[in-house]
Structure formats: structure tokens, C-alpha cells
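Work through the exercises below with the model open beside you. Try each task before you read its solution.

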Amino acid sequence: MKKTFLWIVQILLLIGSISLEAQEKVFLASTSSKYPYERGQWTKAEADAWQKKYGPIIGVNHPMGPNPDMSRLEYLKKAKELGFNSVRMFVGGSTADEYIANVKSWADDCASVGMTLSPVITCPGGYFSQTDQSAALVSLEKFIRKVIQAFRGDDRIVLWDIWNEPEMYDETKCLGQMAWIKKMVVWCRQEGCTQPITCSIIWDASIPESNASNKTALREARNEAEAMMDLHNYHDYYVSENHNQNTAVMVARIKAISDRPLVCTECLARVTGATIPRTLSEFAKYHINFYVWGLYASNYNWEVKWGRSTYYAWEPLFHEMLYADGEAYNPSELPWIKNFKFAAEGENTDPGAEVTEMWSQRRAWKWMSRDATKGLSYSSVSEALTGVQNHATDSIYNSVHVNLNIQDYLTNQTTFFSDLDNLLSAADKAGMTVLPTLLAGDDINRAMS
């Protein structure tokens, strides 16, 4: 009896001597005999501990080089050199074993240069589209369980995105996919997933929160599924909307579901105004981890604005940081990546549009490479609209200059913007550009008086 007591004392002393660092690697045993590693949803404290360990995440999507001769390691070394510390990858694999092997290969290479990996499980969409959904669900469960088992305890995996951008418009598909996602979360928990479970359910950042049509059963179903996640993972290519108020709206929307760390796993769309400075100044302010879309210009689908089939030299590059030869699209963007940090409370993160939005010299000269401008000049929007209509088909002019009258704006803003929209639409149909003068001499004199 005495020996037994002494053994118990020694065991207790040993447990008490475990360092805090070691305790982080101790997993509590489940009470389930079937799932011995089962866990629940992370508490806020557990989620905050993850943030402290890994953050801020400065990540990049689409880790593909600009040509077949660039190796994966070369790409990753370049990303690390620029300040990125994580890669989000749509890892392929037709079977669980293939998928696991590919994730391990990526994780090995990322770790070799000091980066983490965020794998996207791309399989669910394929399973969900199968005719026999009962059989598909069984196959999906086997796939998910095997993958999670393979990477339990692997610190190289920073988070899982279990379903990229699930349906949010079609009622049948949306509700069905949310039901599947909830099951996937349970499977991941039962297998003792040691990484945060997330899903990029919220990818409608461009839709105003005030829009009454958003308050639907679909929104509620999506919120319910999102509430099961350990962290909040969302997409936002519209950060600059409403004078950079979009992020504040998104943060309030997501925090209303639950207060957990935020990871914007897709961002950067210069054609919407969501440039690197606009985006990262907001992410620093709200402590948002992020993955920009793309490092090298290597796919025309991400070089040109959605809906366009050709490259317009005077437009900004849609996504991506570097040209194929490694030259930065805009060198002034690079320090934002290298120096990104979460801001202190009350710290000003935005140096101002006059600094961050100035065109690079290269972009200005590229804009000048267009055909020569041949235009007409008008003193009002109504006159300009008539001029465009009169020359819509003769191909004599390719541009129109117009003075915007501030008095018209002050008199009726609705009419002012409606007239301007009509002019822009007519000019676009006629293949003409519009050069507006915002303030003329008379406007300035009126303001001074």
C-alpha cells in the first residue's frame, strides 16, 4: 500500500513538472471508445492560443510559378523572401491516399523554407454533384476521416478549409451543402483534428449587409454552419467599398456569429480598388490574417478583370504581385507585405490614399501606350451625352471630355449620378472613354466665396 502511494506521488510530481510548452502537445482523451481522440469545438481561449502561436498569417494563394522550369522550392523561397509565411493550396488527389501524399509533399517543402500550409479540401464539390448522394456521403466520410487521421498533431498544417466557397444562392444546393459541411465538422472533431477546422462559407462580401434580401433562410443556414467553426475564414475582394467601410461591416457581421480569430483566405483585386495598401491597412487595424490571391502573373484568368477576355494595358493587374520575370508589379506594395503586423489599439494604419494609391511609373507609361486620344470637349454632362450619341457610329472620336458641374451635384445628387451613368454607358457602347474634369475654375471661385 505504501509503495502504491509513493508511485502515485511520483506520477503526480512528474505531471506537475511538465512545461507549458509540453502541455500544449498533450491531447485530452475522449470519453468515446469509438473515437478516442474526439474533441469539441475550440473554445475562444484555444482559438486565441492558436492566433498567438501562428499569427499574423501573411499568406499567398495559387502557389504556381510563371513557367514550368520554376521548381516548387524556388517559388516558396521567393514567397518567403518577400515576407509571406504561409501557403494556401488546392491540393489534388483522386483518392484519400493520393491527397494525403500530396499534402505531405507540400507540407515538407513549405516547412523547409519556414512556411506553413493551409490545404483546401477540394473533393466535396465533386462528391456532392454525384447522382447517388447517399453513397457519395459515405465515400466522403471515409475520405475526411482518413485525411484528418493522417495529419493529427502536424504543426505544419496551420488550418483546414474543408469546403471552398459553398453554394449561397441556389436554395436546394445551399441547404444541402450546409448539411454536409456540418457533418464534415463532426467527422473532423471525432478524429481529433488538432488544427483549426474552417470553411470559406462567407464569400459574399460585395453584397451590402443592409440588403434586405440577405436576411433569408439561406443566410441563417450558412451562419449556423459557420458557427461550428474553430476560426472564421472568409473571402473579400471588395475591401475598399464605401470608402474602406467594407471590412468594418464584414467584421461586425462575422463577430455577430462568434468572436474568434479572422482569416481572410482570399483577397487582393486591384480592379475593385482592393489594392495591397487598401486591404492590408484594414487587416492590420482589425487583426485579420490573410492570403492574397497569387504571387506570379501566371494565369490570364487572374491577370484580367472577371468578365474580360483580353488584356487592357491601362487597367491595373487584377491579382498577383510579380510579373513572370520576378519584377514587382508595383514595388511600393512589397513593404506592406514585409512589414505587416497587427496594429495596437488606436494606431493609425492608413497613411492616406495620396500616398498609397499613386500610380507606379510603369503603370503610367503602360496607360500611355494606348492609341492616340481623339476627343471632343463639352461643358456639361447633357451636352457630352448628345455629342456621344451624334458620333456613336462614325468612328471619328474615341474619347469625350466633360466638365462636371458642382452646382448640379449640390442641387440633386441622384439626378447628377444618373446623368453621369447614362453618359458612361453611352460612351462605352460607342467605344469611347470619358475624361471628366471634377472642378473647373468657376467651381473653385464659387467655393471660395
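The exercises cover salt bridges, cysteines and one helix.

This is a predicted model, where local features need pLDDT of at least 70, side-chain atom pairs count only at pLDDT 80 or more, and totals for chains, interfaces and linings use all residues. Residues are numbered from 1 along each chain as its sequence is written, and side-chain values use heavy atoms, with hydrogens and water left out.

**Exercise 1. Salt bridges**

Task: Find the partner of R145 and place both residues.

Solution.
- Start with the rule: a salt bridge is a side-chain nitrogen of Lys or Arg within 4 Å of a carboxyl oxygen of Asp or Glu. The count is 23 salt bridges.
- R145 pairs with E141, with the closest N and O atoms 2.9 Å apart.
- Both residues sit in helix α7 (residues 133-150), four residues apart, about one turn of the helix. Helices (H or I, at least four residues) and strands (E, at least two) are DSSP runs, numbered from the N terminus.
- Now check burial: buried means under 20% relative accessible area, exposed over 50%, partly exposed in between (1.4 Å probe, protein chains only).
- R145 is buried because its relative accessibility is 11%. E141, at 25%, is partly exposed.

Task: Which parts of the chain does the pair R219 and D204 tie together?

Solution.
- The closest N and O atoms of R219 and D204 are 3.8 Å apart, and the two form a salt bridge.
- R219 lies in helix α9 (residues 217-226), while D204 is in the loop between β5 (197-200) and α9, so the bridge ties together parts 15 residues apart in sequence.
- Both R219 and D204 are buried.

Task: Repeat the analysis for R278 and D350.

Solution.
- Their side chains form a salt bridge at 3.0 Å, N to O.
- The pair links distant parts of the chain, 72 residues apart: R278 is in helix α12 (residues 276-286), and D350 is in the loop between α13 (334-338) and α14 (353-356).
- R278 has 9% relative accessibility, so R278 is buried. D350 is partly exposed at 24%.

**Exercise 2. Cysteines**

Task: How many disulfides are there?

Solution.
- A disulfide is a pair of cysteine sulfur atoms within 2.5 Å. The count is zero.
- Take C264: its nearest cysteine sulfur, that of C267, is 4.7 Å away, and C264 is in no disulfide.
- C264 is buried, with a relative accessible area of 0%. C267 is also at 0% and counts as buried.

**Exercise 3. Helix α18**

Task: Compare the expected and actual span of α18, then sort its faces.

Solution.
- The expected span of a helix is 1.5 Å times one less than its number of residues.
- Helix α18 (residues 413-429) has 17 residues, so 24 Å is expected; its end C-alpha atoms are 24 Å apart, which agrees.
- F416, L420, L423, A426 and A427 of α18 are buried.
- Seen down the axis, the buried residues of α18 fall within an arc of 125° (taken from the directions from the helix axis to the C-beta atoms), so they line one face.
- The face turned away from the buried side carries the exposed residues T414, D428 and K429.
- The buried residues of α18 pack against α16 (381-390), β10 (399-403), α17 (406-411) and β11 (433-437). Contact here means heavy atoms within 4.5 Å.
- After α18 comes G431, with a positive phi near 75°.
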